[in-house]
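Colleague: Please take one chain of this model and go through it closely, from its overall build down to its sheet. Then show how the partner chain is put together.

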Amino acid sequence: MSAQGTLPLQITVNGKPRTTQVEPRTSLLTFLREECGLTGSKRGCEEGECGACVVMMDGRLVNACLIFAVEAAGGSVTTVEGLGEAQHLAPVQQAFIESGASQCGFCIPGMLLAAHALLQHDTHPDEGAIRRAISGNLCRCTGYDRIVKGIRLAAELQRGHA
Amino acid sequence: MHDFSYHTPATLAEAIALMQADPANSCYLAGGTDLYLALEHGAAPAGVVIDLKGVAGLEGIVALPEGGWRIGALTRMADIEHHAELQRDYPSLCAAAEVVGGPPIRNRATLGGNLCNASPAADTSTPLLALGTTVAVSDGEQERTLPLAELWRGPRQTTLAPSAVLTAIMLPPPAPRSGNAFQRLTRSAMDIAVVNAAVCLALDEAGRVASLRVALGSVAPVVVLVEGLESALAGKPVDEAACEQVRSRAQTAARPIGDVRASAAYRAEMAGTLAMRALQDAAAMAGGGS
């Protein structure tokens, strides 16, 4: 039998390489929140239904609650903290503020990342594309209309920035 | 969650050797969207997790020289959903891949994982069965192929030996004048199917039925083909009478349970309705292409 305990993990989080040890059973979400101190990714349903935990992993939007941190070894993860900076917000962040897209805010990091993932490959999303892109993210304030509006504005801002 | 040891074999032989060392206490990991929760809830063997994502050659969508496609078992739903040639020739499969969870799930969930999870409600299983798919299974030494229907024993049970790995899904080339379609009934977009149905239809030069397969999901312990339809309708036009045959035979073939999502009687009735709608869609595709 191979040894249990911890495994070495090399991973790039928000552009910064890290080398650490993790237990195999540690979820990527727990690793990000508790080891990296990045609490933007939220612990919601913890079964891949709500999307509050989603992050970009190697260019794809994924549920951090359904991935073991060791599965991300050698990879690159972007959380909401890596999207922009306080003085230099990403277009999706700026657009959500301007659109009043956030109510309680719990779903918003996931919504921002889902929007970011959409706008990477679709610079002119229509409403259907936007709604499909956030279909894995629940907003229990049910503020979807402002979120959709925010993503449409983000696409405009992003095109302006390009 | 219990502690476990985690392995990333680089070859199939290595993966299978790891499994054979302690099969009752080990599991293969693909996308993990089902397995993660099964491990968390103690519903899967928990001591040894063998991650197949590092095994070369298990991912990707490749055109076969003799026609048709080979989809690596670890190919993710998002890659199937967005694949232009698959969308053209196998819209039923792409439509099913597109409704497996939300986008972040489809960026992880694999086609092989969906089949080996052996849920009777798995959306991709139904079109794959209708399309006449075969699957490749490796025991570490050789690969054999079997018809998809032989993969499932019952709900959440496959016929595979514990150490065997499903490596690929083979789609036969589309027949001339053929069409395929998928229909699904659910209460909301993110829920699993109450019932789903898929049809693969080929017409002869006169526009009459040359071959017909109708598959139903969520109506039996495994995804099933409706028996006897092809012989009943061969050589006949896809008209109202044919639609009625498909509807009534699909309804009769359905042996559903009743649960929180729907009663057994409703499921059976809707199985007939969805099969008929899928037939109409498949016929439009088959006729439109000639």
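Modeller: Chain B has 290 residues, and 51% of them count as buried, where buried means that 20 or more other C-beta atoms, placed from the backbone, lie within 10 Å of the residue's own (12 or fewer is exposed, in between is partly exposed). This is a predicted model, in which local features need pLDDT of at least 70 and side-chain atom pairs count only at pLDDT 80 or more, while totals for chains, interfaces and linings use all residues. Residues are numbered from 1 along each chain as its sequence is written, and chains are lettered from A and ligands numbered from 1 in the order in which they are written.

Start with the overall build. Along the principal axes, the C-alpha atoms of chain B fill a box of roughly 60 × 45 × 30 Å. The radius of gyration of chain B is 19 Å, which agrees with the value near 19 Å that a compact globule of 290 residues would have; the radius is taken over C-alpha atoms, and the globule rule is 2.2 Å times the number of residues to the power 0.38. Of the contacts in chain B with a separation of 6 or more, 65% are between residues 24 or more positions apart. A contact here means that the C-beta atoms of two residues, placed from the backbone, lie within 7 Å.

Chain B holds eleven helices and 14 strands, that is, DSSP runs numbered from the N terminus, with at least four residues of H or I for a helix and at least two of E for a strand. Three domains divide the chain: domain 1 covers 5-52, domain 2 covers 61-171 and domain 3 covers 178-288. These bounds come from an automatic or database domain assignment.

Look now at where domains 1 and 2 of chain B meet. Their C-alpha centres lie 19 Å apart. In the contact, 14 residues of domain 1 of chain B face 16 residues of domain 2 of chain B. On the domain 1 side, helix H1 (residues 12-21) of chain B gives the most, with six residues. The residues on that side comprise nine nonpolar, four polar and one charged. Here Ala, Val, Leu, Ile, Met, Phe, Trp, Tyr, Cys and Pro count as nonpolar, Asp, Glu, Lys and Arg as charged, and the others, Gly among them, as polar.

Next, a sheet in chain B. It is open and antiparallel, with five strands in the order S4-S5-S10-S6-S7. Strand S4 (61-63) and strand S7 (143-147) of chain B are its edges, since each pairs on one side only. On average, neighbouring strands are turned by 25° against each other, direction ignored; axes are lines fitted to C-alpha atoms, for helices over the stretch in contact, and angles run from 0 to 180 degrees between N-to-C directions. Inside this sheet, strand S5 (residues 69-72) and strand S10 (residues 165-171) of chain B are joined by four bridges in the antiparallel sense; two strands count as paired if DSSP finds at least two bridges between them. One bridge sets Arg70(B) opposite Met170(B) in S10(B).

Now the partner. Chain A has five helices and five strands, and along its sequence they follow the pattern β-β-α-β-β-β-α-α-α-α. Its radius of gyration is 16 Å, close to the 15 Å of the globule rule for 162 residues, so chain A is as compact as a globular protein of that length. Of those 162 residues, 47% count as buried.

The five strands of an open sheet in chain A run in the order S2-S1-S5-S3-S4, with mixed pairing. Strand S2 (16-22) and S4 of chain A are the edges, each pairing on one side only. Neighbouring strands in this sheet are turned by 40° on average, direction ignored. Strand S1 (residues 7-13) of chain A meets S2(A) in the antiparallel sense over seven bridges, and one bridge links Leu7(A) with Val22(A). Helix H3 (residues 108-121) of chain A packs on the sheet, where it touches S3 and S4 of chain A and makes about 35° with the direction of S3(A).

Finally, the two chains meet. In this contact, 25 residues belong to chain A and 22 residues to chain B. Strand S4 (residues 60-63) of chain A gives the most to the chain A side, with four residues. That side has 13 nonpolar, seven polar and five charged residues.
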